[in-house]
Amino acid sequence: MRILFITSNRLGDAVISTGVLDTLQKRYPAAMFTVVCGPVAAGLFEADPRCERIITMEKRRHDRHWIDLWRACFRTRWFMVVDLRGSLLGLTLRARRRIIVRGGRRPGRRIEQLGEALGYRRTPMPHVWTSDAQRANATATLPKGRWLALGPTANWDGKIWPPERFVELAQALRAENLRPVVFYGPGEGERARAEPVLKALPDALDLGGNKSLGEVAALLQRCALFVGNDSGLMHLAAAAGAPTLGLFGPSRASEYAPAGRLARFVEAPGPEGHAPINELDVSAVLKAATKILHEKDVCASGGCAD
């Protein structure tokens with residue numbers, strides 16, 4: 001029994017879709033899965049024991065990447081094809097059942113749209129898979145303690161909260177016995193965006209760069225709190241179960257707020273989709289962060305409802 005699962009090329013959307021994959025795996029315990037995604041998201045599925053193959057789809061001119069994908073899949077008789085990108089591919093493959101989710105943007109949270117499209121009564125919450133080795137390495141890197149994960153980068157500068165405010169926030173949260181850890185993605189651009197925060201917080205651990213997504217997820221699971229810009233890393237932190245505070249300015253929290261048991265967001269004042277991120281005050285972020293930490297402590301003492 002084989003299921004083809006086609007998800008987004010973008011990391012954030014791919015993380016959001018992991019709840020659907022997890023639900024399918026629970027519904028069909030005998031099935032094995034082939035996952036199709038972009039190169040940046042492939043690491044999400046490497047530690048998944050039910051994923052027998054990952055097909056990375058890199059865009060080519062004239063949509064030739066879809067032809068490449070068809071060639072990689074057409075020989076298999078699929079039990080099910082689940083296409084979250086709304087393509088025509090699923091209609092051309094041999095499959096007993098097909099679920100094709102219409103593409104494009106529309107109002108409402110993306111995670112709820114996926115659940116509704118697949119007929120789920122409960123919203124499929126994102127899920128991450130990590131290996132024993134990744135968890136062991138994370139424990140060695142971040143031993144027992146209270147770690148504050150900072151995500152000061154994003155895929156475009158308009159979503160980035162000023163680095164000096166991340167620094168001010170981290171210094172204020174020292175009162176909560178939190179030590180900063182800085183995460184960012186691969187590449188010189190990501191490193192350059194994180195550099196001002198790293199320089200201003202000399203005791204911060206630098207955990208950015210070329211780590212796999214599974215490694216990053218395992219590290220985030222050991223953090224008491226994640227605070228970061230609207231990004232794929234923000235969604236990964238929430239999916240990993242880290243208490244998460246997402247920072248929103250010109251992007252839409254109504255569509256892409258982080259999803260998790262202790263996942264929250266704070267928005268810059270102004271019309272949604274047009275609010276400058278630099279209008280977001282440190283005081284507002286600090287208030288939201290300390291509230292999450294309090295909720296976490298209440299949950300740890302057994303007073304948090306499921």
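What radius of gyration does the protein chain have, and what value would a compact globule with 306 residues have? In this predicted model, the protein chain has a radius of gyration of 20 Å, which agrees with the value near 19 Å for a compact globule with 306 residues. Along the principal axes, the C-alpha atoms fill a box of roughly 60 × 40 × 40 Å. Within that box, the protein chain is organised into 11 helices and 11 strands.

Burial and contacts add to this overall picture. Of the 306 residues, 53% are buried. Among contacts with a separation of 6 or more, 60% join residues that stand 24 or more positions apart. The accessible surface of the protein chain amounts to about 14,600 Å², and carbon and sulfur atoms contribute 49% of that area. As for charge, the protein chain carries 43 positive and 31 negative side chains, and a distance of 9 Å lies between the centres of the two sets.

Turning to the aromatic side chains, a pair of rings is described by the distance of the centres and the angle of the planes. The structure contains five aromatic pairs. One of them joins Trp70 and Phe74, and this pair is stacked because the ring centres are 4.5 Å apart and the planes meet at 10°, an angle under the 30 degrees that marks stacking. Both partners can be placed with respect to the surface: Trp70 is partly exposed at 32% relative accessibility, and Phe74 is partly exposed at 29%.

A further aromatic pair, formed by Phe248 and Phe265, is edge-to-face, with 6.0 Å from centre to centre and 75° between the planes. Phe248 belongs to strand E10 (residues 244-248) and Phe265 to strand E11 (residues 263-267), so this pair ties together parts that are 17 residues apart in sequence. The two partners fall into separate burial classes: Phe248 is buried, with a relative accessible area of 0%, whereas Phe265 is partly exposed, with a relative accessible area of 38%.

The surroundings of Trp70 are also worth a look. This residue lies in helix H2, which covers residues 64-73. When neighbours within four places in sequence are left aside, Trp70 is in contact with Leu89, Thr92 and Leu93. For Leu89, the separation from Trp70 is 19 residues in sequence and 6.9 Å in space, taken from C-alpha to C-alpha. Trp70 thus takes part in the stacked pair with Phe74 and also has contacts with Leu89, Thr92 and Leu93.

Definitions and conventions:
Residues numbered from 1 in each chain as written. Predicted model: local features only at pLDDT ≥ 70, side-chain atom pairs only at ≥ 80, totals over all residues. Heavy atoms only, no water. Helix = DSSP H or I, 4+ residues; strand = E, 2+ residues; numbered from the N terminus. Rg over C-alpha atoms; globule rule 2.2 N^0.38 Å. Buried < 20%, exposed > 50% of the residue type's maximum accessible area, 1.4 Å probe, protein only. Contact = heavy atoms within 4.5 Å. Areas by Shrake-Rupley, 256 points an atom, 1.4 Å probe, with all protein chains shown as cover. Lys, Arg positive; Asp, Glu negative; His and termini not counted. Charge placed at Lys NZ, Arg CZ, Asp CG, Glu CD. Phe/Tyr/Trp six-rings, centres within 6.5 Å; stacked < 30°, edge-to-face > 60°.
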